[in-house]
Amino acid sequence: MAFKSNARFIVMAMLVIMGALTSLVAARSLNEVDASTVETHEYENVSAVPSTIDWRKKGAVTPIKDQGQCGCCWAFSTVAAMEGITQLKTGKLISLSEQELVDYDTSGEDQGCEGGLMDNAFEFIQGNHGLSTEANYPYSGTDGTCNANKEANHAAKITGHEDVPANSETALLKAVAFQPVSVAIDASGYGTAADGTKYWLVKNSWGTSWGEEGYIRMQRLIKVKEGLCGIAMEASYPTA
Ligand SMILES: *[C@@H]1O[C@H](CO)[C@@H](O)[C@H](O)[C@H]1NC(C)=O
């Protein structure tokens, strides 16, 4: 599908997926200090990145999933970033379990189908010493189907997570150049379209009939430092 002819659809779809963030964007003053000048992260001193990255082509992205009616995009975003770093570190692309997060990551802020945050989910996975596979602990799209036997079977683990300095598409670019990053959805790459529009390649979890076979390209490097629809506001990635 052509990027340009799809622009109207993309804008509409973005309004839907990022709707929850728009009030936050509006509430932030554009004059706020750019947090990237004070926060540090693993990739802060990277000076050059490739012009295009597509982690799908490097085998670090599992096929599009479908979260259905359960409001757990936080779990899909967390898992997609973890699948990415696992593949980059081990060479194995393993589809991991969102349902384990929905069922077990419930003692803190994360509330299954009622919402959650990627950073909390990374902390849960670290404390849990790993996460099971999608095949072993499949997605049901409902709360509270805990399965202790399946939960005990970990296929991948992480050592921690880092936040990308907020409101800096430059900082986000440095991170996505090295691994897929959680941005409420999953930044699976970036590039420049034929018409010159710079974009983020974003993996959603609404099945393959949505967007560009389940993906969307969102405009990159806009004037507002939060990025389009706040993509650069709360990005984070796991370490492994
Ligand atoms: C980046 O460079 C600064 C200055 O040399 C240094 O203090 C900092 O530790 C570096 N950060 C990383 C993640 O290597």
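**Entry 1: terms and ground rules**

I began with pairing: two strands pair if DSSP finds at least two bridges between them. I then noted that helices (H or I, at least four residues) and strands (E, at least two) are DSSP runs, numbered from the N terminus. This is a predicted model, where local features need pLDDT of at least 70, side-chain atom pairs count only at pLDDT 80 or more, and totals for chains, interfaces and linings use all residues. Residues are numbered from 1 along each chain as its sequence is written.

**Entry 2: confidence**

I looked up pLDDT, the predictor's confidence in each residue, from 0 to 100. The chain averages 82, and 83% of its residues score at least 70. Which elements have the lowest and the highest mean pLDDT? Helix α2 (residues 19–27) has the lowest, at 32, and strand β1 (residues 53–54) has the highest, at 96. Over residues 1–38, pLDDT stays under 50. The model has 37 contacts beyond four places in sequence for that stretch. A contact here means two residues whose C-beta atoms, placed from the backbone, lie within 7 Å. I added a caution: where pLDDT is low, the predicted coordinates should not be read in detail.

**Entry 3: the whole chain**

I counted seven helices and seven strands. From the N terminus, the order is α-α-β-α-α-α-α-β-α-β-β-β-β-β. Then I checked burial. A residue is buried if 20 or more other C-beta atoms lie within 10 Å of its own, exposed if 12 or fewer, and partly exposed in between; the C-beta atoms are placed from the backbone. Of the 240 residues, 43% count as buried. I also looked at contacts with a separation of 6 or more, and 69% of them join residues 24 or more positions apart.

**Entry 4: the core**

A nonpolar core is a set of buried Ala, Val, Leu, Ile, Met, Phe, Trp, Tyr and Cys residues joined through C-beta atoms within 7 Å. Which members of the largest core touch the most others? They are M82, L172 and V181, in a core of 52 residues. Elements that each supply at least two of its residues include α3 (73–90), α5 (118–127), α7 (169–176) and β4 (185–192). Helix α3 gives the most, with nine residues. I followed L172 outward. Not counting residues up to four places away in sequence, L172 touches V164, V181, A232 and A235.

**Entry 5: helix α3 and G84**

I turned to α3. Of its 18 residues, 15 are buried, so α3 is largely enclosed by the rest of the structure. Next I checked its length. The expected span of a helix is 1.5 Å times one less than its number of residues. For α3 that gives 26 Å, and the end C-alpha atoms are 25 Å apart, which agrees. G91 follows α3 and has a positive phi, near 80 degrees.

Inside α3 I stopped at G84. Is G84 buried or exposed? G84 counts as buried because it has 30 C-beta neighbours inside 10 Å. Leaving aside neighbours within four places in sequence, G84 is in contact with W55, A60, V61, Q179 and P180. P180 is 96 residues from G84 in sequence, yet their C-alpha atoms are 5.7 Å apart.

**Entry 6: helix α5**

The buried residues of α5 are M118, A121, F122, F124 and I125. Why do they lie on the same side of α5? They cover an arc of only 160 degrees around the axis, which puts them on that one side. The arc is that of the directions from the helix axis to the C-beta atoms. What covers these residues includes α3, α4, β2 (160–163), β3 and β7 (236–239). H129 follows α5, with a positive phi near 60 degrees.

**Entry 7: strands β4, β5 and β6**

I ended with the strands. β4 and β5 pair in the antiparallel sense over six bridges. One bridge joins G189 to L201 in β5. The two strands form a hairpin with five residues between them, and G196 in the turn has a positive phi of about 95 degrees. A193 is also in the loop between β4 and β5. A193 has 13 C-beta neighbours inside 10 Å, so it counts as partly exposed. The C-alpha atoms of A193 and R217 are separated by 9.1 Å, with their positions 24 residues apart along the chain.

β5 and β6 also pair in the antiparallel sense, over five bridges. K203 has Y215 of β6 as its bridge partner. Five of the six residues of β5 are buried, so β5 is largely enclosed by the rest of the structure. β6 is largely enclosed too, because four of its five residues are buried.
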